[in-house]
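User: I'm new to reading protein models and I'd like a close look at the sheets and what goes with them. Could you walk me through that part slowly?

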Amino acid sequence: MAWNEPGGNKNDPWKNRGGREQGPPDLDDVFKNLFGKFGKSGGNGGGSGKSLGGIGAGILAGLLIAIWIISGFYTIREAEQGVVLRFGEYHKQVEPGLRWAPTFIDSVIPVDVQSIRDQSSSGSMLTEDENVVSVQMEMQFRVVDPVRWTFAVEDPDRSLSQSLDSAIRYVVGHSRMDDVLTDGRELTRQRVWEELQGIIEPYNMGVSIIDMNFRDARPPEQVKDAFDDAIAAQEDEQRFIREAEAYAREIEPRARGQVNRMNEEAQAYKERVTLEAQGEVARFEELLPQFERAPVVTRERIYLETMEEVLSNSSKILVDSKGGNNMMYLPLDKIMDRQRENAKPTSRSTLEGLQMPVTNEGGRNLNSTPTSGLRGESFREGR
């Protein structure tokens with residue numbers, strides 16, 4: 001008889017009544033029947049039931065151990081270092097790579113030690129000269145000691161932010177507004193850096209400050225227009241100063257050249273005058289003995305040389321006639337051409353007269369060099 005036929009409900013495993021309700025079995029009933037069979041086999045079979053239960057417990061334990069071992073594997077990325085805690089206490093520090101730690105015993109905190117992190121701060125601050133300025137600064141830092149970064153302070157990011165705020169407010173509070181907003185920005189940035197280093201150094205947080213950027217510094221909106229005018233005036237001042245410096249650099253070499261030229265001209269004039277004076281003295285010393293020996297002739301010679309030198313620069317022609325009616329031919333054109341050629345006359349030294357013939361009272365020539373011309377005739381005539 002089929003189990004689902006009427007009257008065959010005794011063999012129906014799903015406990016259906018006459019096949020009226022067919023469907024999936026109840027899972028609770030299935031597990032109860034299964035555990036009941038294990039219990040009966042254990043009570044009736046003796047040693048065989050205990051052996052079957054031990055095998056199941058061993059398989060379950062093995063599965064749990066395998067899951068526990070597999071769950072202990074972890075990976076530390078290349079830019080990170082791991083801080084291992086054993087029962088909540090620092091145990092060791094691990095390098096990047098595939099690692100294993102016992103689950104529920106060790107815990108690992110990865111810390112990025114290569115990336116550059118940013119921390120910014122901004123706010124309105126009171127300066128030393130009682131002005132309000134709005135300052136924004138940004139700090140760049142890197143973690144160099146993951147253990148100190150993890151355990152030195154409770155919240156390192158928040159501690160760094162508060163330290164940066166404190167450093168900025170201290171430096172701005174001890175600076176003038178013009179220094180913060182204009183030409184003192186670099187000095188202010190450097191002072192904030194140094195102040196921040198002094199604040200975080202006692203905490204030994206395991207960080208290194210890479211750079212400090214002065215992002216913005218501006219006056220309050222109420223006085224922004226007036227401050228812009230002041231900034232423009234300062235820029236004009238700097239521009240005028242640079243133009244004046246450029247003009248000075250251009251004029252100074254030229255002035256130095258003129259000074260050197262004037263010094264050289266003065267030195268040359270000094271040497272020329274000195275030499276001329278020495279020449280006059282030498283000429284006088286040479287002329288004096290001649291004048292003492294023949295005063296009349298020497299006086300006449302000096303007079304003629306002087307007149308020749310004076311009249312050679314004149315365009316006038318003087319003719320001295322002693323009442324004669326003889327016709328005189330004067331080549332004026334040639335005389336004028338000669339004067340133009342000799343536009344820069346050469347002064348004849350009086351010492352040249354020493355070579356002219358000197359006669360005594362008897363009319364005898366005292367020099368052996370013969371002479372010619374008007375002056376030679378005059379000297380030979382005894383004039």
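To start me off, how many helices and strands does the secondary structure of the protein come to?

Analyst: Happy to. This is a predicted model, and its secondary structure comes to 10 helices and eight strands. Let's take the strands group by group.

Start with the open sheet made of three strands in the order β6-β7-β8, where the pairing is antiparallel. The edges of this sheet are β6 (117-126) and β8 (207-218); each has a single partner strand, so one side of each is left without a neighbour in the sheet. From one strand to the next, the twist averages 20°. Now zoom in on one pairing: β7 (residues 132-143) is joined to β8 by 10 bridges, and the two run antiparallel. If you want one pair to find on screen, look for Ser134, whose bridge partner in β8 is Arg218. What holds such neighbours together? Strands of a sheet pair through backbone hydrogen bonds, either parallel or antiparallel.

Helices come into this picture too. Helix α4 (residues 156-173) packs on the sheet and touches β6, β7 and β8, with a direction that makes about 40° with that of β6. Helix α6 (residues 185-200) lies across β7 and β8, running at about 140° to β8.

Next, hop over to another open sheet, also built from three strands, in the order β3-β2-β5 and with antiparallel pairing. Here β3 (89-94) and β5 (106-112) are at the edges with a single partner strand each, so one side of each has no neighbour in the sheet. The twist in this sheet averages 30° from one strand to the next. Strand β2 (residues 80-86) is joined to β5 by seven bridges, running antiparallel. A handy pair to look up is Leu85 with its bridge partner Ser107 in β5.

That leaves β1 and β4, which pair in the antiparallel sense over four bridges. One of the residues to look for is Ile76, as its bridge partner in β4 is Gly97. Strand β1 (residues 73-76) is a nice place to see a classic pattern: Tyr74 and Ile76 point to one face and are buried, while Phe73 and Thr75 point to the other and are not. That fits a general rule: in a regular strand the side chains alternate between the two faces of the sheet.

Keep an eye on Phe73, because it turns up again in a nonpolar patch on the surface, together with Ile65, Ile69, Leu98 and Trp100; patch residues need over 30% relative accessible area. Together these five residues have about 520 Å² of accessible area. The elements giving two or more residues to the patch are α2 (47-70) and β4 (97-100). Trp100 is found in strand β4, and with a relative accessible area of 38% it is partly exposed.

Finally, step back to the whole protein. Buried residues make up 22% of its 383 residues. The protein exposes about 27,800 Å², and carbon and sulfur atoms supply 53% of that. Among contacts between residues at least 6 apart in sequence, 61% join residues at least 24 apart.

Notes: Residues are numbered from 1 along each chain as its sequence is written. This is a predicted model: local features need pLDDT of at least 70, side-chain atom pairs count only at pLDDT 80 or more; totals for chains, interfaces and linings use all residues. Side-chain values use heavy atoms; hydrogens and water are left out. Patches are made of residues with over 30% relative accessible area and no salt bridge: like charges are joined within 9 Å, nonpolar side chains (Val, Leu, Ile, Met, Phe, Trp, Tyr) within 5 Å. Accessible areas come from the Shrake-Rupley method with a 1.4 Å probe; for residues, only the protein chains shown count as cover. A salt bridge is a side-chain nitrogen of Lys or Arg within 4 Å of a carboxyl oxygen of Asp or Glu. Buried means under 20% relative accessible area, exposed over 50%, partly exposed in between (1.4 Å probe, protein chains only). Two strands pair if DSSP finds at least two bridges between them. Axes are lines fitted to C-alpha atoms, for helices over the stretch in contact, and angles run from 0 to 180 degrees between N-to-C directions. Contact means heavy atoms within 4.5 Å.
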